[in-house]
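The following exercises are meant to be worked with the sequence and the coordinates side by side. Try each task before reading its solution.

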Amino acid sequence: MVTRIRHGDALRIRAIDLEGRVEEVSVDALPQYIAESGNAGNHRRLREVTIEVAADVLHSGVVLTDTPGLGSLHAKASAHALTYLPQCDLGIITIDASATLSLQDVDLARALQQAHASCLVLLTKSDTVSADALEQQRSYIERSLSEVLQEPVTVAEVSVAPSHSVSLHRWRDTELQTTLAACAAQSNERAQQRLGHLARRVSMMLEQALNEPSADTSPQAQQGSGAALDALSGAEATLRNLCSDLGYRGADVVLKDAVHVLMADAPEVPHHLGTLAGQLADEVVRDIVTQLQRVGKDLDDERLSAMLRGAPPFVLPPSDMPHRYLLRGPRAWRQYRLQRYLRQDWQAPLQHAFLAYAQELKDWLAHVCQQLRQSLGSGVLATQGSHAGEAAMRTDLERIRALLAGTHPTPPSVPSPRVEGKGC
């Protein structure tokens, strides 16, 4: 369930359920529809809640969309947040000033970047921490996200407290409005890119469906293909999080295991760390393959195996760090010093290597899931094609090819930017 805020002449709140029924909602009752405490697990079976308000920032047609965050307790909510990103032009990541940067925040920033959407990062509730702590938090988040995304990231500090209203309005009237204007200027280009990407995917699926010798056109088969596609979307979101966990926690796991082994012997440290890191990466790859095999269990075994090949191997780059740590003294003392030396010398190189590998793994995962989606979706298309007729499918395919070749008329004008907020 999503919440959308758009411009209106007067305040109006409407809840729309999964069957399309519309209910007018009062301001006092709003938490019972959009808050987890009032609508736990979406027991009201709502599709969306639309709020119309006479706000100047929305007057140009901007629509604010609040989706369930990546940190949601419900897997479907996290998957929905990721699948919605390609539709938005700007994502606003909100981080509690008293908290810290989470894996979900970093993964969301990466996903926005891959969706070619702009991104703003806000430290909220800035009135609840001291000025020094706030500055340290802001600098840490800017540095961390800039390193991960390989591009500059600026973090703004905001609060809805009355004493901070001036700074909040300043951010809204400067940085937010400037970013929205840039998104509006680029919206046609973004729409063309997304339209082309969608057209290529549909074209490949149509070609594959037409080349299939036959298809089971029973309602049960069609329903099974649709369920498999839903399962694939959920699995992909889960596995992306698994890759992120490897990227940000892999170094800690490897160094912890390394201490116990190196206490018994003093082998070549880089070789040993590389072996442990490779084993951890292999475990993650096996988990990914196992889950994707379950999703694609109805596909041809040889074809499925071919799709799941080619996972990138983990390689620890050469380093000039010490190769051996020869320590003397009581065991507890040696273990403490070894752990300290390993973290001091190897934490950063391992962290960098795992972050780079996690991105390679996500790219491979995206490629495999795209192939699986095409194969699973071809069953739906073939079933639909049996009813619409092969000639109609070929006509649609030719139209899409004409669109990709640039012979199709220019698509209609694109509306103002869509903005997604996480945790607002």
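**Exercise 1.** In this predicted model, decide whether Cys243 is buried or exposed, and then establish where the nearest cysteine sulfur lies.

*Solution.* Begin with accessibility: Cys243 has a relative accessibility of 0%, and since buried means under 20%, Cys243 counts as buried. Apply the same cut-off to Cys183, which at 1% relative accessibility counts as buried too. Turn next to the sulfur atoms: the one nearest to Cys243 belongs to Cys369 and is 9.6 Å away, whereas a disulfide requires the pair to be within 2.5 Å. Cys243 is therefore in no disulfide, and the structure as a whole holds zero disulfides.

**Exercise 2.** Work out how strand β6 (residues 90–96) is placed and how β6 is joined to strand β7 (residues 118–124).

*Solution.* Count burial first: six of the seven residues of β6 are buried, so the strand is largely enclosed by the rest of the structure. Then follow the pairing, in which seven bridges join β6 to β7 and the two strands run parallel; Thr94, for instance, stands opposite Leu122 in β7. Finally trace the connection, which leads from β6 through helix α3 (residues 103–114) to β7 as a right-handed β-α-β crossover.

**Exercise 3.** Compare the expected span of helix α4 (residues 131–149) with the distance between its end C-alpha atoms.

*Solution.* With 19 residues at 1.5 Å a residue, α4 should span 27 Å, because the rise is multiplied by one less than the number of residues. The end C-alpha atoms are 27 Å apart, which agrees. Along α4, the buried residues include Leu134, Ile141, Leu145 and Val148, as well as Arg138 and Glu142. Just after the helix, Gln150 adopts a positive phi of about 60°.

Terms used. Residues are numbered from 1 along each chain as its sequence is written. This is a predicted model: local features need pLDDT of at least 70, side-chain atom pairs count only at pLDDT 80 or more; totals for chains, interfaces and linings use all residues. Side-chain values use heavy atoms; hydrogens and water are left out. Buried means under 20% relative accessible area, exposed over 50%, partly exposed in between (1.4 Å probe, protein chains only). Helices (H or I, at least four residues) and strands (E, at least two) are DSSP runs, numbered from the N terminus. Two strands pair if DSSP finds at least two bridges between them. A crossover is right-handed if, with the strands pointing away from the viewer, the path from the first strand over the helix to the second runs clockwise.
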